[in-house]
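This report walks through one protein chain, from its fold to its interior. Keep the sequence and the model open while reading.

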Amino acid sequence: MKCESIAVLFAINIFILPVHADEDIKVNPMFGDKGNQLAIHGGESFRSDGFEKLHFGAISYSQPDTFFRLPARNNIEVGAYKGDGTLKEFDVNFFGFSKDVALLSGTNSYLTLGLGAYIKDKKTDRISSKFTFGEKLAVGYRFDNGVNVELFARHFSNGGLTEKNSGQNFAGLTLGYSF
């Protein structure tokens, strides 16, 4: 049931709602008056017992959008997890699409919640499928020169599609530029 709910929400989010953009939003706090954004993301994995040496890195391209009259952005992303020592078994490359929605925002500051779908190049003992969902919570600030800084927490899992699905969590920093 959990997997089906996530799949339905994802389909609505990506395919149906973007066609209903709201013209009332003049300035998206993540973009200002710009229409494109490039960002780099970096972070570390954390489990219930603390941080581990599994690194996260990604590059994304985004465009502004709305979601039920809230400022949002559509993202396309490519990245990897890379581990040290015994964590090398979790090395993964991924590609995916997501949407971030600004739940709270000011002129330049925002709190976003995101959902996406990703394809990985291999299965691991933590997520034993190549298809995963990704959720993200971020707090950010856009400077007047177009530079964005965000602190994020992300979770990747396959929504219970397979028996092995302990997921993967990351915390980190994003630097973006809107143009």
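How many bridges join strand β1 to strand β2, and do they run parallel or antiparallel? The count is 11 bridges, and the two strands run antiparallel. This is a predicted model.

**Overall fold**

The protein chain holds 1 helix and 8 strands. The order from the N terminus is α-β-β-β-β-β-β-β-β. Of the 179 residues, 46% are buried. Among contacts with a separation of 6 or more, 59% link residues 24 or more positions apart. The chain exposes about 9200 Å². Carbon and sulfur atoms supply 64% of that area.

**Strand pairing around β1**

Strand β1 pairs with β2 and also with β8. The table sets the two pairings side by side.

| Pair | Residues of the partner | Bridges | Direction | Opposed residues |
|---|---|---|---|---|
| β1 and β2 | β2, residues 50-67 | 11 bridges | antiparallel | F46 and F51 |
| β1 and β8 | β8, residues 168-178 | 9 bridges | antiparallel | S45 and F170 |

β1 itself covers residues 37-47. With β2 it forms a hairpin, with 2 residues between the strands. On the other pairing, S45 stands opposite F170 in β8.

**The nonpolar core**

The largest nonpolar core has 14 residues. L54, F56, Y81, F94, F152, F156 and F170 touch the most other members. Three strands, β2, β4 (92-105) and β7 (147-157), each supply at least two residues of this core. β2 gives the most, with 3 residues.

What does F156 touch, leaving aside residues up to four places away in sequence? Its contacts include the aromatic residues F56, Y81, Y118, F133 and F170. I127, T132, G134, G167 and Q168 are also touched by F156. F170 thus appears again: it is one of the core residues that touch the most other members, and it stands opposite S45 of the β1 and β8 pairing.

**Cavities**

Rolling a probe the size of a water molecule over the atoms shows where empty space is left. The count comes to 3 cavities of 30 Å³ or more. About 70 Å³ of space lies in the largest cavity. Its lining has 15 residues, and the closest to its centre are H41, S60, N75, D100 and K136. The elements that give two or more residues to this lining are β1, β2, β3 (70-83), β4 and β7.

β2, β4 and β7 therefore have a place in both accounts: each supplies at least two residues of the core, and each gives two or more residues to the lining of the largest cavity.

Conventions. Residues numbered from 1 in each chain as written. Predicted model: local features only at pLDDT ≥ 70, side-chain atom pairs only at ≥ 80, totals over all residues. Heavy atoms only, no water. Helix = DSSP H or I, 4+ residues; strand = E, 2+ residues; numbered from the N terminus. Buried < 20%, exposed > 50% of the residue type's maximum accessible area, 1.4 Å probe, protein only. Contact = heavy atoms within 4.5 Å. Areas by Shrake-Rupley, 256 points an atom, 1.4 Å probe, with all protein chains shown as cover. Pairing = 2+ DSSP bridges. Core = buried A, V, L, I, M, F, W, Y, C linked by side-chain atoms within 4.5 Å. 1 Å grid on protein atoms, 1.4 Å probe; cavity = no way out; pocket = protein on both sides within 12 Å on 5 of 7 lines; lining within 4 Å. Points joined across faces, edges and corners; volume = space filled by probe spheres on them.
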